[in-house]
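Student: Please pick one part of this structure and go through it slowly. I would like to know how that part is connected to the rest of the chain.

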Amino acid sequence: MKTNYEIDKIKAVVLYILEKSGGTLDYITLFKKMYFAQQLFLVRYGRTIFNDSFRAAKRGPVPSFTYKSLSSALGNLGDESADIRKFDSSFKITEVSKKIKYVSANDTPDMDELAQAEIDVLNEVIKETAGKTSDQLSELSHDEAWKIANERAKNDARDNYISLVNIARAGGATKQMLNYIRQNQMMDDFCRG
């Protein structure tokens, strides 16, 4: 279960990407922009912009909570949790077909949720990915981190989690940064429980 802070942060990131990308994006394009932003921030700062785990899907990495929440907005989930309802009310989903879904913003991003370094990375990724098709972004996201998780998932479909260390490594993080990420994860795990 996500905390209110985590939900507000993910929502701010998604709303910011939508706002700076013309207001509406297909799922694949949105998810890949989120992935590349998370990866670049990990490589540079050793931390995540938002707390949403990525899973290896056929078309590339997918942020679990975001995907589940947006699917809920379409009525594709049976029992919505309060955190999902809080999130999905900020978005409008249009389903063109079973394979193509678009998300639009009902709100503006809460800029108090985003630090300047996060905004800078988001802007950089939005600029670098502008004009690329969802197929092109999907292909670009099939990096080593995705391949490792995708290979594991062949034995167990539920084992498709993409680790932060692998995301950062695929993005070109240094050994020192990878060690820093591992240490942060151990501290986060210790604090949770």
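Tutor: Start with Arg 59, which is partly exposed, with a relative accessible area of 30%. The model is predicted, and what follows is a reading of that model. A residue counts as partly exposed between the limits of 20% and 50%, so the 30% of Arg 59 places this residue in that class.

The next point is the partner of Arg 59. The side chain of Arg 59 meets that of Asp 135 in a salt bridge, with 2.6 Å from N to O. Arg 59 sits in the loop between strand S2 (54-57) and strand S3 (60-63), while Asp 135 belongs to helix H6 (residues 134-140), so the pair ties together parts that are 76 residues apart in sequence. Asp 135 is exposed, at 52% relative accessible area. In general, side chains of opposite charge can pair when their charged atoms come close.

Now look at the strands on either side of that loop. S2 and S3 make a hairpin, and two residues lie between them. Their pairing is antiparallel and has four bridges. Two of the facing pairs can be named: Ala 56 is opposite Pro 61 of S3, and Phe 54 is opposite Pro 63 of S3.

S2 has another partner as well. Two bridges connect S2 with strand S6 (residues 161-162), and these two strands run antiparallel. Here Phe 54 stands opposite Ile 162 in S6. Phe 54 therefore has a facing residue in S3, namely Pro 63, and one in S6, namely Ile 162.

Put together, this gives an open sheet of three strands in the order S3-S2-S6, with antiparallel pairing. S3 and S6 are at the edges and have a single partner strand each, so one side of each is left without a neighbour in the sheet. Strands of a sheet pair through backbone hydrogen bonds, either parallel or antiparallel.

What are the two faces of S2 made of? Phe 54 and Ala 56 form the covered face, and Arg 55 and Ala 57 form the uncovered one. In a regular strand the side chains alternate between the two faces of the sheet.

For comparison, there is another sheet. Three strands form an open sheet in the order S1-S5-S4, again with antiparallel pairing. Its edge strands are S1 (24-26) and S4 (91-95), each of which pairs on one side only. Neighbouring strands of this sheet are turned by 25 degrees against each other on average, direction ignored. S1 and S5 are joined in the antiparallel sense by three bridges, and the bridge partner of Leu 25 in S5 is Val 103.

S5 covers residues 101-105 and includes Tyr 102. Tyr 102 is partly exposed, with 32% relative accessibility. Together with Val 96 and Ile 100, Tyr 102 forms a nonpolar patch on the surface, with about 260 Å² of accessible area together.

Return now to the charged pair of Arg 59 and Asp 135. How many salt bridges does the structure hold? There are eight, and two others can be set beside the pair described above. In one of them, Lys 9 is joined to Glu 118, with the closest N and O atoms 2.9 Å apart. Lys 9 is in helix H1 (residues 4-20) and Glu 118 is in helix H5 (residues 116-129), so this pair ties together parts 109 residues apart in sequence. Are the two residues buried or exposed? Both Lys 9 and Glu 118 are buried.

The other salt bridge joins Glu 124 and Arg 44, and the closest N and O atoms are again 2.9 Å apart. Glu 124 is in helix H5 and Arg 44 in helix H2 (residues 27-45), so to speak of the chain, distant parts are linked, 80 residues apart. Glu 124 is partly exposed at 26% relative accessible area, and Arg 44 is partly exposed at 38%.

Lys 9 is in a helix with many buried residues: 12 of the 17 residues of H1 are buried, so H1 is largely enclosed by the rest of the structure. Among the buried residues of H1 are Glu 6, Lys 9 and Lys 11, along with Ile 7, Ile 10 and Leu 15. H1 reaches 24 Å from its first C-alpha to its last, close to the 24 Å expected at 1.5 Å a residue. Just after H1, Gly 22 has a positive phi of about 100 degrees.

Definitions and conventions
Residues are numbered from 1 along each chain as its sequence is written. This is a predicted model: local features need pLDDT of at least 70, side-chain atom pairs count only at pLDDT 80 or more; totals for chains, interfaces and linings use all residues. Side-chain values use heavy atoms; hydrogens and water are left out. A salt bridge is a side-chain nitrogen of Lys or Arg within 4 Å of a carboxyl oxygen of Asp or Glu. Buried means under 20% relative accessible area, exposed over 50%, partly exposed in between (1.4 Å probe, protein chains only). Patches are made of residues with over 30% relative accessible area and no salt bridge: like charges are joined within 9 Å, nonpolar side chains (Val, Leu, Ile, Met, Phe, Trp, Tyr) within 5 Å. Accessible areas come from the Shrake-Rupley method with a 1.4 Å probe; for residues, only the protein chains shown count as cover. The expected span of a helix is 1.5 Å times one less than its number of residues. Two strands pair if DSSP finds at least two bridges between them. Axes are lines fitted to C-alpha atoms, for helices over the stretch in contact, and angles run from 0 to 180 degrees between N-to-C directions.
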